[in-house]
Amino acid sequence: MFYKDYFNKSVKSATEYKIRYLKYLLNDSNIYKFIQFNDNEEENLLKLESLKNGTLWFSYYRYLNDPTEYKIEYNIRKTQKNTNLSREEIEYLNGSMKEMYDVCCFSYKYNDYMWDIYANDGNGLCIVFQSLDLDMLYPIDYIEKNKIPFTNLIINSFKALDEGIITNIPMAVLPFVVKNPMNGYLNSTKENEIRMLYSFYSDKDITDGKLYTDIKMRSGYLGLNVPYDKVDLRLKKVIIGKGCSAELLEKILEICEENDYDYEIK
């Protein structure tokens, strides 16, 4: 488990450790974003507009396709005993941590499985990016979540906050970057997933600077588009799926030509 070692290191050592690990996983710092088209013309147009504008969609975790995202189980009585916090304080702090980041998912491998499952069997795109800052990326650990000692992690995270430590806190990141090996009938390990985490609080304030449980859901927030350069990504190539309609293909080629994107048709 990558994060077991990661969170046992100092902030500087953890960053160096993560970058070494990512250099081992990635080929020439490349990551792959698979995008599917479907019968919803409005959704398709939004995805094309995002490609045209050079932006990526970062989702509020509740709208990712795995229903177990950020699902954690912990012993609240043990947490109370070891932190001297009330149930309400613990639930508030845990709930607030869930709201910290939005998520964008990539794969560090290019393969037919991802085309089939995440690009609608070729009716979609694969955008090849080069990461210019590997520290922006987080590898996924595939592990049964009921085997993760979330109670101890929560206790340690609260103690770190109490001591004024605001970086490398397990519960600030870990629930966003661990997944069960199986998502229903899908074998999640085949995704070879890499994630980016982005906090909308850095440039878009829909909550008047407040952070609390379910603030995004109560605000009707779904996610946001973020420019490539803001997350240190360079678009290298657009690979167009063989299942795209002639109409979609024409629009994609027009966008690639206008933006001087390198492209190929699968």
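## Exercises on a predicted model

At 17% relative accessibility, Gln-130 counts as buried, since buried means under 20% relative accessible area, exposed over 50% and partly exposed in between (1.4 Å probe, protein chains only). The model is predicted, so to speak of a local feature takes a pLDDT of at least 70, side-chain atom pairs count only at pLDDT 80 or more, and totals for chains, interfaces and linings use all residues. Residues are numbered from 1 along each chain as its sequence is written, and side-chain values use heavy atoms, with hydrogens and water left out.

### Exercise 1: the surroundings of Gln-130

Find the strand that holds Gln-130 and list what this residue touches.

Step 1. Gln-130 sits in strand E4; helices (H or I, at least four residues) and strands (E, at least two) are DSSP runs, numbered from the N terminus.

Step 2. Contact means heavy atoms within 4.5 Å. Not counting residues up to four places away in sequence, Gln-130 touches Asp-28, Ser-29, Asn-30, Asp-232, Leu-233, Arg-234 and Lys-236.

Step 3. Two of these contacts, Asp-28 and Lys-236, return in the next exercise.

### Exercise 2: a salt bridge across the sequence

Work out which parts of the chain the salt bridge between Asp-28 and Lys-236 ties together.

Step 1. A salt bridge is a side-chain nitrogen of Lys or Arg within 4 Å of a carboxyl oxygen of Asp or Glu. The side chains of Asp-28 and Lys-236 meet this way at 3.4 Å, N to O.

Step 2. Asp-28 lies in the loop between H2 and strand E1 (30-36), while Lys-236 belongs to strand E12 (residues 233-240), so the pair ties together parts that are 208 residues apart in sequence.

Step 3. Now check the cover. Asp-28 is partly exposed at a relative accessible area of 47%, and Lys-236 is partly exposed too, at 24%.

### Exercise 3: a network of charges

Trace the network that contains Lys-179 and Glu-191, and decide whether these two are buried or exposed.

Step 1. The whole structure has 11 salt bridges. In one of them, the side chains of Lys-179 and Glu-191 meet at 3.0 Å, N to O.

Step 2. Lys-179 is in strand E7 (residues 178-179) and Glu-191 in the loop between strand E9 (186-187) and E10, 12 residues apart.

Step 3. Lys-179 is buried, with a relative accessible area of 3%, and Glu-191 is buried at 4%.

Step 4. Glu-193 and Arg-195 form another salt bridge, their closest N and O atoms being 2.5 Å apart. Both of these residues are buried. Salt bridges that share partners join Glu-69, Lys-179, Glu-191, Glu-193 and Arg-195 into one network.

### Exercise 4: the two sides of helix H2

Show how the buried and exposed residues of H2 are arranged around the helix.

Step 1. Start with the length: H2 (residues 11-25) has 15 residues and reaches 21 Å from first C-alpha to last, close to the 21 Å expected at 1.5 Å a residue. The expected span is 1.5 Å times one less than the number of residues.

Step 2. Ala-14, Tyr-17, Lys-18, Leu-22 and Leu-25 are the buried residues of H2. They cover an arc of only 130° around the axis, which puts them on the same side of H2; the arc is that of the directions from the helix axis to the C-beta atoms.

Step 3. On the other side of H2, Lys-12, Arg-20, Lys-23 and Tyr-24 are exposed.

Step 4. The buried residues of H2 pack against helix H1 (2-6), strand E5 (137-139) and strand E10 (193-198).

### Exercise 5: the same reading for helix H10

Which residues of H10 are buried, and what do they pack against?

Step 1. The 14 residues of H10 (residues 246-259) should span 20 Å, and its end C-alpha atoms are 20 Å apart, which agrees.

Step 2. Leu-248, Ile-252, Ile-255 and Cys-256 are buried. Seen down the axis of H10, these residues fall within an arc of 100°, so they line one face of the helix.

Step 3. The buried residues of H10 pack against helix H3 (41-53), strand E4 (124-131), E12 and strand E13 (263-265).

Step 4. On the other side of H10, Ala-246, Glu-250, Glu-257 and Glu-258 are exposed. Just after the helix, Asp-260 takes a positive phi of about 60°.
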